[in-house]
Amino acid sequence: MPAGEATGLFGMHFFSDKIGMVVGGNYKQEQQPGPNAAITRDGGQTWQLVAQTNPPGLKEAVALLPGDRLLTVGPSGTSLSADQGQTWQQLDTEGFHSMGCAKGTCYAVGAKGKVAVQQFK
């Protein structure tokens, strides 16, 4: 991810002892496209950027869903990937800052007490 005073990593999740993802972006320009996610398959020894402009905008959390899909949220919206982050489908533009998922049900929280629940099968 490009360096800058407002750019950085904001969320990390390891799906196993080897596979993990970090997400981030520019918190002063939440809609700015650009590299904002990277994946490791060797326990964090090396990282590779995923799709260069997606998921779009600032992302602050990432989770693994059933079927090895990835879900990420941030102020710029929610995105879903079915191919380990190589391509993303933007689900909405609602802003959320954190989420937790268990057994296919995800809970996301955002500013001013916003809460969302979504089930994925």
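# Working chat: Met99, the cores and the loops

Reader: Which residues does Met99 touch, leaving out those up to four places away in sequence?

Author: Ala61, Val62, Ala63, Leu71, Thr72, Val73, Tyr107 and Ala108. Bear in mind that this is a predicted model.

Reader: Where does Met99 sit, and is it buried or exposed?

Author: Met99 belongs to strand S9. Its relative accessible area is 15%, under the 20% cut-off, so Met99 counts as buried.

Reader: What is the largest nonpolar core made of?

Author: It has 11 residues: Ala61, Ala63, Leu65, Leu71, Val73, Leu80, Phe96, Met99, Cys106, Ala108 and Phe120. Two or more of these come from each of strand S5 (61-65), strand S6 (69-74) and strand S10 (105-109). S5 gives the largest share, three residues.

Reader: Any general reason why nonpolar side chains end up together?

Author: In soluble globular proteins, nonpolar side chains tend to be buried together.

Reader: What other core is there, apart from that one?

Author: A core of eight residues lies apart from it, and Met21, Val23, Val50 and Trp88 are among its members.

Reader: Back to Met99. How far is it from Arg69?

Author: Their C-alpha atoms are 15 Å apart, with the two positions 30 residues apart along the chain.

Reader: Now the surface. Which residues make the nonpolar patch?

Author: Tyr107, Val109, Val115 and Val117 make a nonpolar surface patch of about 380 Å². At least two of its residues come from S10, and at least two from strand S11 (115-119).

Reader: Take Val117. Which strand is it in, and is it buried or exposed?

Author: Val117 is in strand S11. Its relative accessibility is 51%, over the 50% cut-off, so Val117 counts as exposed.

Reader: How many salt bridges turn up in the whole structure?

Author: One. It joins the side chains of Glu94 and Lys114, at 3.2 Å from N to O.

Reader: Where do Glu94 and Lys114 sit in the chain?

Author: In distant parts of the chain, 20 residues apart. Glu94 is in the loop between strand S8 (89-92) and strand S9 (98-102), while Lys114 is in the loop between S10 and S11.

Reader: How accessible are Glu94 and Lys114?

Author: Glu94 has 42% relative accessibility and counts as partly exposed. Lys114 is also partly exposed, at 29%.

Reader: And why would such side chains pair at all?

Author: As a general point, side chains of opposite charge can pair when their charged atoms come close.

Reader: Backbone next. Which residue other than glycine has a positive phi near 60°?

Author: Asp68. It is in the loop between S5 and S6. Asp68 is exposed, with a relative accessible area of 53%.

Reader: And which one has phi near 55°?

Author: Lys112, again a residue other than glycine with a positive value. Lys112 lies in the loop between S10 and S11. With 88% relative accessibility, Lys112 counts as exposed.

Reader: What sign of phi do most residues other than glycine have?

Author: Most of them have a negative phi.

Reader: Changing topic. Where is Gly43, and what does it touch?

Author: Gly43 is in the loop between strand S3 (37-40) and S4. Residues up to four places away in sequence aside, Gly43 touches Phe14, Asp17 and Lys18. Gly43 counts as partly exposed because its relative accessibility is 34%, between the 20% and 50% cut-offs.

Reader: How far is Gly43 from Gly20 in space?

Author: 7.2 Å between their C-alpha atoms, with the two 23 residues apart along the chain. Ser16 is 8.4 Å from Gly43, C-alpha to C-alpha, and 27 residues from it in sequence.

Reader: Which loop holds Ser16?

Author: The one between strand S1 (7-14) and strand S2 (20-26). Ser16 is partly exposed, with a relative accessible area of 34%.

Reader: Last one. What pLDDT does the chain average?

Author: The average is 89, and 93% of the residues score at least 70. Among the elements of the chain, S10 has the highest mean pLDDT, 96, and strand S4 (residues 48-49) the lowest, 90.

Terms used: Residues numbered from 1 in each chain as written. Predicted model: local features only at pLDDT ≥ 70, side-chain atom pairs only at ≥ 80, totals over all residues. Heavy atoms only, no water. Core = buried A, V, L, I, M, F, W, Y, C linked by side-chain atoms within 4.5 Å. Buried < 20%, exposed > 50% of the residue type's maximum accessible area, 1.4 Å probe, protein only. Helix = DSSP H or I, 4+ residues; strand = E, 2+ residues; numbered from the N terminus. Contact = heavy atoms within 4.5 Å. Patch = residues over 30% accessible without salt bridge, like charges linked within 9 Å, V, L, I, M, F, W, Y side chains within 5 Å. Areas by Shrake-Rupley, 256 points an atom, 1.4 Å probe, with all protein chains shown as cover. Salt bridge = Lys/Arg side-chain N within 4 Å of Asp/Glu carboxyl O. pLDDT = per-residue confidence, 0-100.
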